[in-house]
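Please lead me through this structure, beginning with its open spaces and going on to the strands and helices around them.

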Amino acid sequence: MIPAQRHLFDIPDGVAYLNCAYMAPLSYAVVEAARSGAERKARPWELVPDDFFSGPEAARGLFARIIHARADDVALIPAASYGLAVAARNLPVGGGQSIVVLAEQFPSNVYVWQEVAAAAGARLVTVPRPRDGGITSAVTSAIDERTAVVAVPHCHWADGALLDLEEVTRCCRATGSSLVLDVTQSVGALPIDVEALAPDFLVAAAYKWLLGPYSAGFMYVAPHRQAGKPIEFNWISRSDSADFRRLVDYRDGYQPGARRFDVGESANFHTIPALVAALELVLEWGVDEIAATIAARNAEIARWANGFGLTCLDGDERAGHILGISLSDGIPADLVEYLATANVYVSVRGQTLRISPHVYNTGADIDQLIHTLEEALG
């Protein structure tokens with residue numbers, strides 16, 4: 001268990017921010033790194049060619065450590081949707097085949113596959129979510145020899161319903177299906193090992209559980225997919241791009257590994273230092289320790305919820321860091337606003353009250369949440 005780290009964040013006393021699945025607060029260290037990066041950009045005559053590469057390489061390497069990959073297998077992207085567009089461009093889908101997605105998963109991991117299916121004459125198979133959890137068996141039952149792509153999250157963004165990705169991987173291997181994972185709502189808060197999962201592509205935005213800035217993220221690309229086509233053709237991803245004197249000696253070759261898929265202007269001089277500082281903090285605490293700490297907080301809330309007559313998924317059916325609470329009569333329309341007036345911050349997604357603490361939360365935050373919910377619902 002990690003002791004409460006509130007002192008590292010600009011969260012005033014009395015504010016119970018339990019909404020990391022919406023957006024993580026930035027630590028003081030991340031804010032300072034962003035400020036320092038902006039100050040460097042304010043003096044561009046001091047920037048040298050290496051500055052365009054050193055920061056992105058540092059971020060790439062740190063994220064690779066979090067998911068147990070090689071730095072060469074990681075591309076820098078501005079959003080999960082960008083990475084999913086890369087995956088869609090590089091995975092073969094033919095007429096009569098299918099693409100499997102989970103019902104009500106995040107839109108960015110649906111819209112792109114709707115387009116692919118329509119263009120290819122393929123079928124988009126949307127797997128209904130069982131009411132009592134069990135989404136893994138629902139997904140694997142939909143995978144067969146006609147499945148070209150399985151594009152799913154690690155856990156559901158609304159209530160944390162958890163997919164057993166190792167079981168999904170086994171099904172994909174058995175059927176020859178490609179696997180695309182959106183781990184935006186889990187990486188940094190749940191252990192992920194791409195060596196074991198072997199996805200074709202894995203994407204993650206950094207502004208949630210990686211505690212990083214907005215408009216920054218990562219994509220893992222399996223080695224056998226690294227000769228594919230990017231969705232843009234920027235100068236810095238080409239071979240020998242560090243030699244600014246010869247940039248107009250146009251190159252057919254790319255930087256090694258997944259770097260060909262990097263977004264343009266990946267050197268972003270204020271975002272990248274902030275991203276590096278955030279990843280260093282996650283690694284300092286340790287993902288296993290973060291996961292255990294948040295899970296204990298949510299388990300406490302779940303015990304209260306069950307005793308109060310509310311409904312949430314069993315602990316083995318959901319990710320520990322996201323707790324979805326359902327009410328028999330639905331979520332009151334003004335519940336989130338009522339909680340906010342008491343400085344308690346959570347989200348409603350669909351018919352679920354989503355609670356997502358992190359290691360900056362304290363026992364007092366949990367008490368404040370419970371007390372306010374009892375007032376609102378009692």
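A pocket, in the sense used here, is an open set of points on a 1 Å grid with protein on both sides within 12 Å along at least five of seven lines, and its lining residues are those that have an atom within 4 Å of a point. The model to which this is applied is a predicted one. With that definition in hand, the largest pocket is found to be lined by 28 residues, among which Arg129, Arg131, Asp159, Ser326 and Thr352 lie nearest its centre. Its volume comes to about 680 Å³, and its lining is made up of 10 nonpolar, 10 polar and 8 charged residues. Two strands, β9 (311–312) and β10 (323–326), each contribute at least two residues to that lining.

The second largest pocket holds about 370 Å³ of space. Lined by 24 residues, this second largest pocket has Ala80, Phe106, Thr184, Tyr207 and Lys208 closest to its centre. Here the elements that give two or more residues to the lining are two helices, α3 (80–90) and α4 (108–120). Sorted by class, the lining of the second largest pocket contains 13 nonpolar, 7 polar and 4 charged residues.

The strands β9 and β10, already met at the largest pocket, also belong to an open sheet of 4 strands, which are arranged in the order β9-β10-β13-β12 with antiparallel pairing. The edges of this sheet are formed by β9 and β12 (347–349), each of which pairs on one side only. Between β9 and β10 the antiparallel pairing extends over 2 bridges, and within it Cys312 stands opposite Ile325 of β10. Against this sheet packs helix α9 (residues 287–307), which touches β9, β10 and β13 (352–355) and whose direction makes about 10° with that of β10.

Another set of pairings is centred on β8 (217–221). What are the strands that β8 pairs with, and in which sense? Strand β2 (residues 74–77) is joined to β8 by 4 bridges and runs antiparallel to it, with Val74 having Tyr220 as its bridge partner in β8. Strand β7 (residues 201–205) likewise pairs with β8 in the antiparallel sense, over 5 bridges, and in this pairing Ala204 stands opposite Phe218.

How many of the residues of β8 are buried? The count is 5 of 5, so that β8 is described as mostly covered. In a regular strand the side chains alternate between the two faces of the sheet. For β8, both faces are covered, since Gly217, Met219 and Val221 on one side and Phe218 and Tyr220 on the other are all buried.

Helix α3 is largely enclosed by the rest of the structure, because 8 of its 11 residues are buried. These are Ala80, Tyr82, Gly83, Leu84, Val86, Ala87, Ala88 and Asn90, and the buried residues of α3 pack against β2, α4, β6 (178–182), β7 and β8. Ala80 thus appears twice in this account, being buried in α3 and also one of the residues closest to the centre of the second largest pocket.

The last stop is a residue in a loop. Ser266 lies between β8 and α8 (271–285). Is Ser266 buried or exposed? With a relative accessible area of 7%, Ser266 is buried, because that value falls under the 20% cut-off. Apart from its neighbours within four places in sequence, Ser266 is in contact with Pro56, Leu76, Ile236 and Ile272.

Methods:
Residues are numbered from 1 along each chain as its sequence is written. This is a predicted model: local features need pLDDT of at least 70, side-chain atom pairs count only at pLDDT 80 or more; totals for chains, interfaces and linings use all residues. Side-chain values use heavy atoms; hydrogens and water are left out. On a 1 Å grid over the protein atoms alone, a cavity is a set of points where a 1.4 Å probe fits but cannot get out, and a pocket is an open set with protein on both sides within 12 Å along at least five of seven lines; lining residues have an atom within 4 Å of a point. Grid points are joined across faces, edges and corners, and a volume is the space filled by probe spheres set on the points. Ala, Val, Leu, Ile, Met, Phe, Trp, Tyr, Cys and Pro count as nonpolar, Asp, Glu, Lys and Arg as charged, and the others, Gly among them, as polar. Two strands pair if DSSP finds at least two bridges between them. Contact means heavy atoms within 4.5 Å. Axes are lines fitted to C-alpha atoms, for helices over the stretch in contact, and angles run from 0 to 180 degrees between N-to-C directions. Buried means under 20% relative accessible area, exposed over 50%, partly exposed in between (1.4 Å probe, protein chains only).
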